[in-house]
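The exercises below each set a task and then work through a solution step by step. Please look over the sequence and the structure before you begin.

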Amino acid sequence: MKSLTGSSKLIKSLDRLHNMIRAFTINDPKYITKIINETKLVYLDSFENNHRLYKLQYMFFELLEELEKYLEEIK
C-alpha cells in the first residue's frame with residue numbers, strides 16, 4: 001500500500017472500505033479481527049502526509065471503531 005500512488009492508492013483504499021462495510025454482514029469474529037488488524041497495519045499508515053484523503057481516513061477510523069464494537073457483540 002505504501003508503494004502505491006494516486007489512483008491506485010485510492011482504488012485500493014475504497015476496496016478496503018467496502019470490505020470493512022461488508023464485514024458487518026459476516027458473523028465471523030476471526031474474519032472481522034483479520035480485517036481490523038490488516039486495516040490498522042497496512043491502510044492507516046498510507047494516509048499519513050496525504051491531506052487530500054482526510055475524509056477517507058476519517059471514514060476508516062469511524063468504521064474501525066464500529067467494527068471493534070461489533071466484534072465484541074458477536075464474540
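**Exercise 1.** How are H1 and H2 oriented to each other, roughly parallel or roughly antiparallel?

*Solution.* Begin with the source, which is a predicted model in which local features need pLDDT of at least 70 and side-chain atom pairs count only at pLDDT 80 or more, while totals for chains, interfaces and linings use all residues. Residues are numbered from 1 along each chain as its sequence is written, and side-chain values use heavy atoms, leaving out hydrogens and water.

Next, locate the helices (DSSP runs of H or I, at least four residues): H1 covers residues 6-22 and H2 covers residues 29-43, and they pack at an angle of about 155° with axes 10 Å apart. Angles between N-to-C directions run from 0 to 180 degrees, and those under 35 degrees count as roughly parallel, whereas those over 145 count as roughly antiparallel. H1 and H2 are therefore roughly antiparallel to each other.

Finally, list the contact (heavy atoms within 4.5 Å): H1 contributes Lys12, Ser13, Arg16, Asn19, Met20 and Arg22, and H2 contributes Tyr31, Ile35, Glu38, Thr39 and Tyr43. These residues divide into four nonpolar, three polar and four charged.

**Exercise 2.** Determine how H1 lies against H3, and describe the residues between them.

*Solution.* The axes of H1 and H3 come within 10 Å and cross at roughly 25°, which makes H1 roughly parallel to H3. On the H1 side the contact is made by Leu10, Ser13, Leu14, Arg16, Leu17, Met20 and Ile21, and on the H3 side by Leu56, Met59, Phe60, Leu63, Leu64 and Leu67. Sorted by character, the residues of this contact are eleven nonpolar, one polar and one charged.

**Exercise 3.** Which helix supplies the largest share of the largest nonpolar core?

*Solution.* A nonpolar core is a set of buried Ala, Val, Leu, Ile, Met, Phe, Trp, Tyr and Cys residues joined through side-chain atoms within 4.5 Å, where buried means under 20% relative accessible area, exposed over 50%, and partly exposed in between. The largest such core has 18 residues, and among those with the most contacts inside it are Met20, Ile36 and Leu67. H1, H2 and H3 (54-74) each supply at least two residues of this core, but the largest share, seven residues, comes from H3. Leaving aside residues up to four places away in sequence, isoleucine 36 touches Leu64, Leu67, Glu68 and Leu71.

**Exercise 4.** Is glutamate 66 buried or partly exposed?

*Solution.* Glutamate 66 is found in helix H3, and with a relative accessible area of 34% it is partly exposed.

Conventions
Parallel < 35°, antiparallel > 145°, perpendicular 65-115°, else oblique. Nonpolar A, V, L, I, M, F, W, Y, C, P; charged D, E, K, R; others polar. Buried < 20%, exposed > 50% of the residue type's maximum accessible area, 1.4 Å probe, protein only.
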